[in-house]
Amino acid sequence: MATADVMKPDHASARRHFIFTDEHEQLRESIHRFVVAELQPHAEEWERDTFPDSVFRRMGELGFLGLDKPVEYGGQGGDYFSSLVLTEELAHAHSGGVAMGIAVQTDMTLPPILAFGTEEQKREWAVPAIAGQKILCLGITEPDAGSDVSGIRTRAVREPDSGDWVINGSKTYITNGHRADAIVLVARTGDAPTDGQGYDGFTLFLVPMDLPGVVREKRLAKLGMHSSDTALLAFSDVRVGADAVLGEVGKGFYHIMWELQGERLIAAAGAVAGGQHVFDRTLQYALARRAFGREIGHFQVIRHKFAEMATALESARQLTYTTAWRFARGDYPVREITMAKLHAARVAVDVADECIQIHGGAGYMQEVGIERCWRDLRLNRIGAGTDEIMLDVIGRSYGL
Ligand SMILES: Cc1cc2nc3c(=O)[nH]c(=O)nc-3n(C[C@H](O)[C@H](O)[C@H](O)COP(=O)(O)OP(=O)(O)OC[C@H]3O[C@@H](n4cnc5c(N)ncnc54)[C@H](O)[C@@H]3O)c2cc1C
């Protein structure tokens, strides 16, 4: 056999996954250009002051907030994979908080409004949110109820005469909570027990944040995701009409469990993208940084670290893509979504940790930015459901 006939591995060949088409790749390029030109340069400033509301408006103008949303509500009418493309490209903003704030709008609050909302609610909130003119947040977590959603205490009581609802309670760790125009809120409306067993008796409400009694109590300081705003909110005799109910009265728990599947899948995609981003930056570093007369990447120990990280990232990516493919076809693969979220979050955090190690002292320095990748990615093992809850969901899916 002639040497020319021998197949050589082409590691640089296009790595596009089968879920993505040429259109997705064009979209990827245009989002990438936007992220590098308009988001990345502000990453440092936004770490100090949080990113401005104008990012929503700009992304709305560009159509990026409605990529997979129906055209009749101002969306682009694309498939679910276009939303994955956005999430992946936002990893290049050098600012996990921007990606999170945007994902709360596109993949956490808009889906339940579009799925369960009335035509009026969609016109009033989904249309301007897709255009970037209104900002939304999602209120599930409370000071005394996080993982255990059924322990929620915020209560909405219906007044028999007017039919209005009066809401009292508080929500915490709410992303976009300080800037939001409206909140998708889970409240207790029935008498289900608060022992983690009651699933009926919750209702979703779509509540404007400028109503009397809505208090943005505190902007919470946190480990990472500094460019996002995270709020403690209080609701004190907040009166809303019957038209504020989102979906079915008493079915809020099920509605939010449905929402969480999309949230977890997009979180998995974001974690893989974040892990890949810090891997790529570290690879460049390892090929440039020299010690003992060679680039550190050429020490076998370091080479093997990259091999381990790449393998872990690829496994998380494949699990996420295959699950996304099923999700996009209309399946409801809760077990695999949960596995993807768990695995991707762990991989991303482990990769970021190893990347700090490979950077040595530089990895610990704020000005280099690798430590920020770790701090931002660390949230993935907590937000949208902790690792422990993911393990429990997976274990229970086997009847255990
Ligand atoms: C930066 C940030 C942004 C967030 N944004 C939002 C948002 O926009 N909207 C929103 O509603 N929430 C948001 N959250 C809240 C997030 O979803 C919760 O923090 C998360 O679900 C965990 O709840 P918790 O913090 O109350 O922890 P807890 O439920 O108190 O858990 C504490 C520990 O106990 C473990 N644990 C609990 N139950 C079990 C069990 N059954 N088995 C084994 N272990 C268990 C947990 O895994 C964890 O390790 C955000 C959180 C953060 C940190």
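**Notes on the paired strands, aromatic rings and helix crossings**

1. Gly139 stands opposite Leu185 in strand 4. Bear in mind that this is a predicted model, in which local features need pLDDT of at least 70 and side-chain atom pairs count only at pLDDT 80 or more, while totals for chains, interfaces and linings use all residues. Numbering starts from 1 along each chain as its sequence is written, and side-chain values use heavy atoms, with hydrogens and water left out.

2. Back to the strands. Strand 1 (residues 136-139) and strand 4 run parallel and are joined by four bridges; two strands pair if DSSP finds at least two bridges between them. Helices (H or I, at least four residues) and strands (E, at least two) are DSSP runs, numbered from the N terminus.

3. Strand 4 also pairs with strand 5 (residues 202-208), this time in the antiparallel sense and over seven bridges. Two of the partnerships are handy for finding your way around: Ala182 has Pro208 as its bridge partner in strand 5, and Arg188 stands opposite Phe202.

4. How many residues of strand 4 are buried? Seven of its seven, across residues 182-188, which leaves the strand mostly covered. Buried here is under 20% relative accessible area, exposed is over 50%, and partly exposed is in between (1.4 Å probe, protein chains only). In a regular strand, side chains alternate between the two faces of the sheet. For strand 4, both faces are covered: Ala182, Val184, Val186 and Arg188 are buried on one side, and Ile183, Leu185 and Ala187 are buried on the other. I'd look at Arg188 in the viewer, since it is in that buried set.

5. Strand 5 can be read in a similar way. Its seven residues are buried, seven of seven, so the rest of the structure largely encloses it. Phe202, Leu204, Leu206 and Pro208 point one way and Thr203, Phe205 and Val207 the other, all of them buried. Strand 5 is also joined by two bridges to strand 8 (residues 245-246), running antiparallel, with Phe205 opposite Val245.

6. Now the aromatics. There are 12 aromatic pairs in the whole structure. Rings of Phe, Tyr and Trp (its six-membered ring) pair if their centres lie within 6.5 Å; planes under 30 degrees apart count as stacked, over 60 as edge-to-face and the rest as tilted. One of the pairs is Phe18 with Trp325, edge-to-face at 6.3 Å centre to centre and 80 degrees between the planes. Phe18 lies in the segment before helix 1 (22-39) and Trp325 in helix 8 (residues 300-328), so this contact ties together parts 307 residues apart in sequence. Phe18 counts as exposed at 60% relative accessibility, whereas Trp325 is partly exposed at 35%.

7. Phe20 and Tyr321 form another edge-to-face pair, 5.2 Å centre to centre with 90 degrees between the planes. It too links distant parts of the chain: Phe20 sits in the segment before helix 1 and Tyr321 in helix 8, 301 residues apart. Are these two rings buried or exposed? Phe20 is buried at 4% relative accessibility, and Tyr321 is buried at 6%.

8. Phe20 has a charged neighbour as well: Arg28 lies over its face, 5.0 Å from the ring centre. A charge sits over a ring if NZ of Lys or CZ of Arg is within 6 Å of the ring centre and within 35 degrees of the ring normal. Elsewhere, Arg335 lies over the face of Tyr398, 3.8 Å from the ring centre. Phe202, already mentioned for strand 5, belongs to one aromatic cluster with Tyr199, Phe253 and Tyr254.

9. Finally, helix packing. Helix 8 and helix 9 (residues 334-359) pack at about 155 degrees with their axes 9 Å apart. Axes are lines fitted to C-alpha atoms, for helices over the stretch in contact, and angles run from 0 to 180 degrees between N-to-C directions. The two helices are therefore roughly antiparallel; angles under 35 degrees count as roughly parallel, over 145 as roughly antiparallel, 65 to 115 as roughly perpendicular and the rest as oblique.

10. The axes of helix 3 (residues 54-61) and helix 5 (residues 96-116) come within 11 Å and cross at roughly 55 degrees, which makes helix 3 oblique to helix 5. Asp53, in the loop between helix 2 (43-49) and helix 3, is partly exposed at 32%. Its C-alpha atom is separated by 7.6 Å from that of Arg179, 126 residues apart along the chain.
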